[in-house]
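Biologist: Please take me through one part of this structure in detail, a place where two helices meet. After that, add what helps me place it in the whole.

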Number of protein chains: 2
Amino acid sequence: MKCLGAFTLVLATSISLNAQNKHKPLIIAEQGSFAVGGTTIIEPGSFDLNNSLKPQGQTFHGDHAYTFYQIPIKARKYPLVFLHGAGQSKKTWETTPDGREGFQNIFLRRRFPVYLIDQPRRGDAGKSSVSAAITPTPDEQFWFTQFRIGNYPDYFPDVQFPKDSASLEQFFRQMTPNTGSFDSNIISDAVSRLFDKIGEGILVTHSQGGGPGWFTAIKNDKVKAVVAYEPYSSFLFPQGELPQPIKSTGLFGELKGEEIPLADFLKLTKIPIVIYYGDNIAKGPTNVWNMDHWRSGLEMARIWATTINKHGGDATVVHLPEFGIKGNTHFPFSDLNNIQVADELSKWLKKKGLDK
Amino acid sequence: MKCLGAFTLVLATSISLNAQNKHKPLIIAEQGSFAVGGTTIIEPGSFDLNNSLKPQGQTFHGDHAYTFYQIPIKARKYPLVFLHGAGQSKKTWETTPDGREGFQNIFLRRRFPVYLIDQPRRGDAGKSSVSAAITPTPDEQFWFTQFRIGNYPDYFPDVQFPKDSASLEQFFRQMTPNTGSFDSNIISDAVSRLFDKIGEGILVTHSQGGGPGWFTAIKNDKVKAVVAYEPYSSFLFPQGELPQPIKSTGLFGELKGEEIPLADFLKLTKIPIVIYYGDNIAKGPTNVWNMDHWRSGLEMARIWATTINKHGGDATVVHLPEFGIKGNTHFPFSDLNNIQVADELSKWLKKKGLDK
């Protein structure tokens, strides 16, 4: 009883501290932004000052990432580097659609340096070395469903997403288009250059960011761990070990792994990796396409982690509802219970000695 | 002598505090981001969950602004709301190309709440209700010249811009394209909505941001002052009071004012306005096109301020070199002497009682 009492006290203190922290000032030792990585186009010829609108001899810098960073006082050793998913920007990690603190502030309060990326050809890193056509496409009810807020117009009954219209509007407005085609190689090059600049750290990816995330870790051993929220595609397997594709009624069809050289794959076995999935993912094949899409992702993640671990690695797949954390959408880090989701990550970082 | 001694002491303390402040932590009471304003497209028809990639019945939210804000502890009354210029994003106000603090940090240290905007159809506010084609165009030597860093490849001898290649690369990479056509009305609508949300404040614009800046002040009386760095076009005159166009060898040709109803114009006479221009602007007509372009801007600004003041307003045009502040480019707020440029603004805000 005494032991239980002490535990309860610690828990209560911890909750109370969290509640207080929410309104405590952030003490930032340093903050700023910069571009990193990228390519340069040089138009042949000579620049003519008197015909300066002609391209000859002029340059175009593009395909860099943009990052805004904050380093709190008494910072922990490893920064968290956040890479958004498809159609998103660094906004993903900032204020939530209903105005609460996102992972940016939550992990600053937990004394991690935080780097938020706009990947090449997105947001403030919009200069792209390839052309793009941008067309406004009414598709938000699709995304509502695809991102497992519910089956539009119905919210999932237990969903950890605010049900007021203002929050949904903020959620829709946080999407922002590609200004050039998605290119995993260009993105991972730029993020790898970021790690060259800032040193060792932890890469946190979301969804489509998962693919360039794995490639960044392969390219740069300063990536000391990868945390992936709901990756779907780009699960990388050694040549000859590709699993069978997973059939799905999801709108992206069957899910295939991707073959890479064994030497590259083995680099992913040298660092701890954790992958999180939220709720309302089917347990087995179903015609409810959004739930089945993510079922295929979760199943492939499990096959992938098993393959990593068979080769001596340390990969864990956490399906949050199995740990009592219910109702999460495709965006667990901004859901109503994102403090609880952050607590799970903090526990994992501590367990792996990554929070020193 | 005694009086002078006291003055010198105050000055020395102030400079010393500035130097210290540069490395002091920022204490932020609150920070976050949100979308504001914007339009909504609704595709006629009904959303069909089983054909969810069809647009029927789906929405598209676009044309909003994005803002990242920070409120320091012991904040002054009026926030500074920063609106970037052409081809730029909120990055304009963040870390300078050579890695020093920009106006974001400088004015946080001076206890102003700071709101940095990505205007509609730019950066993290990329969702546009109109289509756009984005093409990589080698034109950076033009911008180097147009923005008065020098006459490429030559730097102006006294220019307040770092001359190393890494800084120039950062400067080029901070540009980011439109994801829909520039629309002063849409931008000023969104910025006006921001003032509705946050209350009274001071609008700080750069270059092309000047136009939507004036319209925001006309639309919303919560704009208590406007500070415009190097506006070029969109000088607004009452009907019947349009001045003669100013001829120029600048690449935008002759500069015209813009007519608006007197009632709208008079709203700009109700608030203090200051306009700053940097150095290397021609004193009279010249064939050096960049110096002549900005000559026409400065001349029109002076005619405009005279017109405002004739109608009972309070507009001041500050040509920085005339006050001993030399070498500034089109980006005085990120130039090497940006602390000095910020000091000028602080003095003006104090003089107008806007720094309480």
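Modeller: In this predicted model, helix H5 of chain A, residues 184–198, packs with helix H6 of chain A, residues 210–219, at an angle of about 50 degrees, and their axes are 8 Å apart. H5(A) and H6(A) are therefore oblique to each other. The crossing in which H5(A) passes H6(A) is right-handed. On the side of H5(A), the contact is made by A:Ser184, A:Asn185, A:Ile187, A:Ser188, A:Asp189, A:Val191, A:Ser192 and A:Phe195. H6(A) contributes A:Gly211, A:Pro212, A:Phe215, A:Thr216 and A:Lys219. Sorted by character, the residues of this contact between H5(A) and H6(A) are five nonpolar, six polar and two charged.

Next, the aromatic rings. Over all chains, the count comes to 55 aromatic pairs. One of them joins A:Tyr229 and A:Tyr276: the ring centres are 5.2 Å apart and the planes stand at 20 degrees, under the 30 degrees that counts as stacked, so this pair is stacked. A:Tyr229 belongs to strand E11 of chain A, residues 223–229, and A:Tyr276 to strand E14 of chain A, residues 272–277, so the pair ties together parts that are 47 residues apart in sequence.

Last, the two chains. A turn of 180 degrees with a shift of 0.0 Å along the axis lays chain A on chain B, with an RMSD of 0.0 Å. The two copies are thus related as by a two-fold rotation axis. The same surface serves both copies, as 99% of the contact residues of chain A recur in chain B.

Technical notes. Residues numbered from 1 in each chain as written. Chains lettered and ligands numbered in written order. Predicted model: local features only at pLDDT ≥ 70, side-chain atom pairs only at ≥ 80, totals over all residues. Heavy atoms only, no water. Axes fitted to C-alpha atoms, helices over the stretch in contact; angles between N-to-C directions. Helix = DSSP H or I, 4+ residues; strand = E, 2+ residues; numbered from the N terminus. Parallel < 35°, antiparallel > 145°, perpendicular 65-115°, else oblique. Left-handed = near helix turned anticlockwise from the far one by under 90°. Contact = heavy atoms within 4.5 Å. Nonpolar A, V, L, I, M, F, W, Y, C, P; charged D, E, K, R; others polar. Least-squares fit on C-alpha atoms with pLDDT ≥ 70 in both. Phe/Tyr/Trp six-rings, centres within 6.5 Å; stacked < 30°, edge-to-face > 60°.
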